[in-house]
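Visitor: I would like to go through this model and hear the grounds for each label that is used.

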Amino acid sequence: MTFRNKDVLADLDALEKGRIRSEQVNIAYKQAFASVYPLLFGSIVIYFLFYNTLQPSLISLWFLMVVITLLWRIWLLREYQNDQNRYNTAVWERRFQYVMFTSAAVWGSIAFFIYQTPNTLHQFFLIFLLSGIASIASGTLASLFSVVIIFLFLLLAPLFAVMFFHGGFEFQMMGILVVIFFILLAIAAKRIHVNIMNALISKILHQKATEALILSEERFETIFKDAPAGIFYYNTDLIVVETNNEMLQILKISHERMIGLDLKKLPDSCLYESLDESVQGEKGFYEGPYTTMVNKLNLWISLRTSPIYDTHRRIIGGVAIVSDITERVVAEEKMKHQAYFDALTDIPNRVLLKDRVEQSLAHYRRHGSLIAIMFLDLDHFKSINDSLGHHVGDALLIETAVRLSSICREGDTVARLGGDEFVILLNELGSDPHIAAQRAETVAEKIHEVLSFSFDVGQAESITTSSSIGIAIVSSNEQNADDLLKFADTAMYQAKKEGRNTTRFYQEQMDQWIKKRLFMENALRHAIKNGELELYYQPVIEISTRKIIGAEALLRWNHPEMGLVMPDEIINIAEESGLIVPIGEWVLMEACKQFVRWRAAHVSKSHIQRIAVNVSAVQFRQSDFVEKVIRIVAETGIVPYMLELELTESMIIDKVDTVIDKMNRLRTAGICLSMDDFGTGYSSLAYLKRLPFTTLKIDRSFVRDIMSDNDDAVLVETILSMASIFKLDVIAEGVETFEQFKFLESHGCQYFQGYLCSKPVQVNTFEELLNHDVQNCQAHL
Ligand code: C2E
Ligand code: CA
Ligand code: CA
């Protein structure tokens, strides 16, 4: 017979063991009350039965003892019931033992009455009574096992002794039966005791579990309610089931509004994914901006979601924990802003500027797009600051930053390095250093202008200031941001030295470029009327006959000091200054006249039947361009189809309709049109089809590499075959070797130009080519 819960009992702490003990004692007390009246009744019966048989004093004494023990018992039970907590369990148990053991002894003593009576029935009554008390006690006292055993012993030991030593076989047997009876009762008591103990332990364990559950629920409730984070639950349909106060605080929404809210229909849907993930059994996370439903507050929140399961591991919804991190994010943003922007003027500071310059330099290294750094220093700022005070100085700086920013393009950066030093980064200045310098200078001029207006800085008199500007333009891939800033700074000091309110370029040559440009522009203005312009002619050869069938007119400028100036140096300046219009007109007139002369003179038996003239985009865009050409054709008497105007892709990309209209009118007048430098731009052959060209000129960069670069060879082949489909003539430019010539011939190219036959040459030389030396040219072929 063991405790089912013996191990469990061992595991219980002292407190729980104490509680079990006190329950045991409690049971014993309650049970003990039930037997008070039967015992009283039993004792009264004995009193009357034995009053005559025994000495009256003895029986009275015994009866008195019984009554006293019963009263004692009743008193003790009352005490216990009234205030159980007055003493601890051990004291109550001890008191109980005193009463019970005394009672057992008193009752056990009735065994001796057997000696005193010859009446068998009386003897039987005593034995019956003792057995009854013993049986009942083994049950009622079972909660305290040691008490039962001692009680039974005290009760039955005298009976055994009386039986065993009374003499006679029957009595001795009965004595042995008393022992057996005692053992059986003890076993029965033990069983009951074990059951009681099991019940008590189960009860305690259950209580313990319940307490733990209540405790954890209470704890959870506290966490849920008082957590410094917003928490809400929702079911699998994403309907809010419960929420805590913090959540309501974050969203500025009422509890009623929140409960039952359909999260699928939130106006700001950014949370949906993480919420949905949780009801799919995943953990979700979102951190970012969120606009609240009710007040449309723009918050930054951090949200974590997890699924909620029932006891069968089925998902029944999810829980979301939300923190409002707006303040943190704003603080971070502010810090970031402070790290990159000047506190006074709120424009980029040195750190951000350097970053931007490096980015622009990277772009320059990849695409060759030039950038300029302008270093600007306000003249006499220090004296303004000192004489008028810092607040005036500050106001001046702020206004300067505003004015500088207003004149810069969106992609440019205006930064303040500190003090009165500003830096401007100019991007996308093109690939030509001259042009880049000119653009930077234009910006510098604008800066001088905007800063020359007086500043209203809250003073009685408004103040004026000027600035010194140093410019550095990137000129090599090796230069970094620091280099450029240093160059610009040096240039700025140069500007200051040279009398303030000026602009200086870092590189001396830059200044020279600008000067040269101005000089060239001026010189070019006089070039036409001074007769300094001249046309060179480059022969166009028909590949099948290997004969010169035409010429391209190319501009040259014989400058009295500079010598022969090539078109690369002329055209840009001419286009920017607008001089290209009269120059172009002159070229066209001159070329036509020359061609007509050649034709009229029947120079040799020549087959020359075409003159090509280059047209600039600026020229072509002139509204009266077509009329001018037609007029010149008429004036010179050239056969229109013998004139070929060379256009480039750059002029056909904008306003296609007008361009096509102009081209059509030229075509109607009979004039031929060729597409120059084909392949270098972006127009496709298909696009070409829409435009009324008669001839294609393959750019010399492709021809140059047709023998070495397979891609170029394929491209040229493709152009040739497409051109034949579109019925366009093709002239290959820049043919320098016989191999190139052979390649072009074998792929069906009709014409070529190039050093293989001749460079562009003066009229006389060209005429010689046509007359006599033409054989020389053909000899190569
Ligand atoms: P372009 O129209 O492509 O003219 C052909 C250029 O290639 C000429 O340069 C010519 O000298 C050069 N060239 C011809 N054959 C060869 C060769 O075999 N190898 C090499 N390496 N080069 C060859 P040029 O005369 O210096 O003219 C340069 C550019 O200036 C012309 O390119 C054209 O776009 C422009 N141009 C020339 N004259 C005029 C003009 O009167 N008006 C306009 N708007 N532009 C002109
Ligand atoms: Ca050309
Ligand atoms: Ca060309």
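Guide: Strand E12 gives four residues to the shell around ligand 1, the largest share. The model is a predicted one, in which local features need pLDDT of at least 70, side-chain atom pairs count only at pLDDT 80 or more, and totals for chains, interfaces and linings use all residues. Residues are numbered from 1 along each chain as its sequence is written, chains are lettered from A and ligands numbered from 1 in the order in which they are written, and side-chain values use heavy atoms, with hydrogens and water left out.

Visitor: What makes E12 a strand?

Guide: Helices (H or I, at least four residues) and strands (E, at least two) are DSSP runs, numbered from the N terminus. E12 covers residues 547-559.

Visitor: What puts a residue in the surroundings of ligand 1, and which residues are closest?

Guide: A residue is near a molecule if one of its heavy atoms lies within 4 Å of it. Ligand 1 is surrounded by 24 residues, and the closest are Gln538, Asp676, Arg700, Glu736 and Tyr755.

Visitor: How do you know that Glu736 makes a polar contact with ligand 1?

Guide: A polar contact is a pair of N or O atoms within 3.5 Å; within protein, one must be able to donate a hydrogen and the other to accept it, and residues adjacent in sequence count only if both atoms are side-chain atoms. A nitrogen atom of ligand 1 is 2.5 Å from an N or O atom in the Glu736 side chain. Two other pairs are a ligand 1 nitrogen atom at 3.1 Å from a polar backbone atom of Leu555, and a ligand 1 oxygen atom at 3.2 Å from a side-chain N or O atom of Glu552.

Visitor: Why is Glu552 called a donor of the calcium ion (ligand 2)?

Guide: Donors are N, O and S atoms within 2.8 Å of the metal (3.2 Å for Na, K and Ca); water is not among the atoms, so sites may look incomplete. The protein donors of this ion are Glu552 (OE), Asn614 (OD1), Glu646 (OE) and Asp676 (OD), at 2.0 to 2.4 Å. The donor pair Glu552 in strand E12 and Asn614 in strand E14 (residues 610-614) links distant parts of the chain, 62 residues apart.

Visitor: Is Glu552 buried or exposed?

Guide: Buried means under 20% relative accessible area, exposed over 50%, partly exposed in between (1.4 Å probe, protein chains only). Glu552 has 4% relative accessibility, so the residue counts as buried. Asn614 has 27%, and therefore counts as partly exposed.

Visitor: What makes Asp676 a bridge?

Guide: Asp676 coordinates both the calcium ion (ligand 3) and the calcium ion (ligand 2), which are 3.9 Å apart. Coordination of ligand 3 comes from Asp676 (OD), Asp677 (OD) and two OE entries of Glu733, at 2.2 to 2.5 Å. Asp676 lies in strand E16 and Glu733 in the loop between strand E18 (729-732) and helix H28 (738-746), 57 residues apart.

Visitor: Why is Asp676 called buried?

Guide: Its relative accessibility is 7%, so Asp676 counts as buried. Glu733, at 11%, is also counted as buried.

Visitor: How do you know that Thr695 and Gln594 are buried?

Guide: Thr695, in strand E17 (residues 695-698), has 0% relative accessibility and therefore counts as buried. Gln594, in helix H21 (residues 580-600), is buried because its relative accessible area is 4%.
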